[in-house]
Structure formats: C-alpha cells, structure tokens
Amino acid sequence: MNIRKIRFHEPDHTPSSEDRDEYEKDYARLIQSPAFRRLQGKSQVFGAGSGDYYRTRLTHSLEVSQIAREVARRLGKTYPFLAHNEHPGLKLVPEVVECAALAHDLGHPPFGHKGEEVLDRILRERYGVPYEGNAQNFRILMFLEKRAGSERGLDLTAAVLLAINKYPYNMDEPGRMKGVYPMEWKGIEYLRNLWGMPAGCSTLEAQLMDLCDDIAYSTHDIEDGIRAGKIVLTEDFIEDDHLVEGVVREILDDPASIAAVQWESTNLKAMVRRVLENYYREWKSIFVQYGRETSRTRREMKARWVSKFASGVGIIDDPKSGWKRVTFVKDGAEDLELLRTMEILKKLAWVTLIKDFRVQRLQKRSENMLVRLWDSLEQYDTGRLLLPPDWVESYDRQKGEWPWERVVADYIAGMTDAYAEKVYTELFASRSGSIYERD
C-alpha cells in the first residue's frame, strides 16, 4: 500500500476508466468542483467584479499553483534526499504541491479577509466556536463538496490533503487560532499518525505551498495596487514617514510575522525604508529601460520579484523540531534578509490596499451584509425556510454530527461576493424580478 496515495473512501484505489495517476485524479476533482469555480467570484484584495484586470481568489490560486509546481521541480533536482523515500512527509512531488495550491483558499468566505473575520467573531461570541479559512478548506474537501459516486467530499489522496494542511493542529486545543476543525481533524490525525509525522510539523509539500502563497501575495497584490493607483512609485510616496510607520506597525502587530522572522536582530524601521527605496530605484530603472511604459514596467517588476523569491527557496534542517524546513536559503542557511524583504512587501500591500479608506468602506458594507444574513438564518425554524432544500435535507440526515450554526456558516462561507449581495437584496431590499430565477 502506498500511504501517500491512499484515500479514505477508495482505499484500494478503485481503477478509473482512464490510465491516470492518483494525483491527476485529484487535480481533475479539484478544478471540476463547484467550490473551485466559485473562487472566481470571491475577493482577493479588490472586490470580485471590480475590474477585469484585478485578481480574484481563483486567479490567485492558479498563480500560486504555477509558482509552487516550478519551485518543487527545481528543488527535486537540487536536493538528492527528496528522491530517497526517507519519509512520506519528506518528498516534493510537483503535482501534489500544485493540487494543494489550487485548494488552499477554498475555505475563504465572500469579501476576503473581512468575511472570515466577521464569521469568526459571530461564531465565537455567540457559540464559543471558531471560523477559520484553513479549517474550512478541510470541511469542504472532506465533507461538504460532492462528486459523482460520493456523498462525502472529494476524497483526495493523503499526500494532497496533508499538503494543504499547513497548520497541523486541532482547533479544539485551547488558544488555537488556526488548524482543522475537530470533525475533520480525526481524519487528518489518522493520516499523520500513519505517516509518522512529528507533532506540529507540516510536510515539505505543505510548507512549500505556504511559502509560494506568500510569494504571490508580496508580488501580485502590489502589482494590482500599482495598477489601481493605490501604490504610487514616486520618491515622495516611498519616503512618506506615514507609509514607513504603517508598515512597521503592521509587522509589529502580526504575531506570525514576529515568530517567523528574527526582527529583534535588525533595525526594523531602517530596513523598511531601505527595502522601499530599493524597490523604487528598481522600478525607476526598469521604467527607463522599457521606454517609460507603465504597464510593461509593472509586469516586469512582478516577474523579476517572483523570480527573485522563487529562486531563493531551499530546504534546511530545523534543529528546533528535528524536521526539515522550506524557506529562503543562502549559503546553506536561512536567508533572513530575503524573508524580511518579503514580509515588508506583504505589509506594504496591506497598508496601501486594505487600509485604504475606500476599501474600508466596502468592507464595512460587506460586514453589515454578512451580519444581517446571519441573523436571518441563525434560528433553525426560520432559517430552514430560507436555505435551499438540499442543505436542509443534508442537515436533517446528519444533524448529530454538527449543529445548525455550523450549517449556516458553511452556507454563507460558500457564497461568492455577488451571490451574497443577491441573497441580501432578496431579503432586505425592494426589487423586481421572478422568484423562479436560478440560484
């Protein structure tokens, strides 16, 4: 038995009508799933529908998968131990990383991070349980999503499931903010035990997917920001003390960033200013090189930074965990300079885009919609009359496994931005139209 290719509901690898590898089946199941298609209508930074140029969760996921697959292929040629089958978690199969990247954002609700924040706040305040996008991925993949011949998830291979699991923890643990919901954790924990995974450690494939996600954030979101005019690459903009202080504040307020990068050994404010100034100088140089054409300069900057980050990815031993770690590597050690640079660019995108007052107004509007949708569906007796019949039937069949509030969270989280607005309009705004419109 190949424990990397085992499936919960097809343990004997039921043969398909075509001669396909198991990971090719996973790829097909993912891209043909409704949950994957709905990513085209979910916000990345700007609201889905803001314009044809800007990224959605779907295009972001596709770009992450392309970066991750290429880096996995390069690392496979660079590190001989990856071919030695030392451990099922110490492998980097490009197809597995690609599938994980395609699936990594399925659990995000409508309206970007604001949607996740609102659902989490409601569930914690009213029911004492969390909502978390990474955990929702597994609820979709292992339970909610349907495929031909199965009533319980997409039944992906163990390798792909664990490659999506960048936070290998049970959300029931006290103080745990990211992980897997208890119901799905039983399956993930079984696979991790079967593989002999060290506690708290992710597979190399999960680590690579996560790092490539950060690479995409720190390059693609900035490209969108420049295109939208939120990031203005001029000397005055880059040297603005408010911008520098905003980036510094976002880093200091982010526990994950503080834990991952040894900021205490550097002058944070000076480095932020240096990175922004270097970024601007590179932009100016490319701008002149490409005949002062902004669109070409923007694309070239994005391509160069993706290449710079992707080529810096490597694998080192992690003495703290006794496992291996995928990170930026230079001369056999972790490249903290490049890691910090990426964090600064991520925070630049956050400060200039998410914190923009127009985006904040849209997010407040989104918050109001989600809260009112929740209030309308929260009580079973009234909510069951407003949900599609198949959702209510599924709950009635299996209500011993999860409470009604989790169903409501599942339903709202699965909405696209446009569908959330459509349902909100039907419930709270006067409108004309037929009740026989297709949902």
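Helix α14 supplies the largest share of the lining of the largest cavity, with four residues. The model you are looking at is a predicted one, and two places in it are worth a visit: this cavity and a helix pair.

**The cavity**

How many cavities of 30 Å³ or more does the structure hold? There is one, and the volume of the largest cavity is about 40 Å³. To find it on your screen, look for Thr 219, Glu 223, Ile 226, Tyr 279, Arg 298, Met 301, Lys 302 and Trp 305, which line it. Helix α9 (204-227) and helix α14 (294-311) each give at least two residues to this lining.

**The helix pair**

Now turn to α5 (residues 112-127) and α19 (residues 404-413), which pack with their axes 11 Å apart and at an angle of about 170 degrees. Angles over 145 degrees count as roughly antiparallel, so α5 and α19 are roughly antiparallel to each other. On the α5 side, the contact is made by Leu 119, Leu 123 and Tyr 127. Their partners in α19 are Glu 405, Arg 406, Ala 409, Ile 412 and Ala 413.

**Residue classes in the two places**

Here is how the residues of each place divide by class.

| Place | Nonpolar | Polar | Charged |
|---|---|---|---|
| Contact of α5 with α19 | six residues | no residues | two residues |
| Lining of the largest cavity | four residues | one residue | three residues |

In the helix contact, then, no polar residues appear beside the six nonpolar and two charged ones, while the cavity lining includes one polar residue along with four nonpolar and three charged.

Terms used. Residues are numbered from 1 along each chain as its sequence is written. This is a predicted model: local features need pLDDT of at least 70, side-chain atom pairs count only at pLDDT 80 or more; totals for chains, interfaces and linings use all residues. Side-chain values use heavy atoms; hydrogens and water are left out. Axes are lines fitted to C-alpha atoms, for helices over the stretch in contact, and angles run from 0 to 180 degrees between N-to-C directions. Angles under 35 degrees count as roughly parallel, over 145 as roughly antiparallel, 65 to 115 as roughly perpendicular and the rest as oblique. Contact means heavy atoms within 4.5 Å. Ala, Val, Leu, Ile, Met, Phe, Trp, Tyr, Cys and Pro count as nonpolar, Asp, Glu, Lys and Arg as charged, and the others, Gly among them, as polar. On a 1 Å grid over the protein atoms alone, a cavity is a set of points where a 1.4 Å probe fits but cannot get out, and a pocket is an open set with protein on both sides within 12 Å along at least five of seven lines; lining residues have an atom within 4 Å of a point. Grid points are joined across faces, edges and corners, and a volume is the space filled by probe spheres set on the points.
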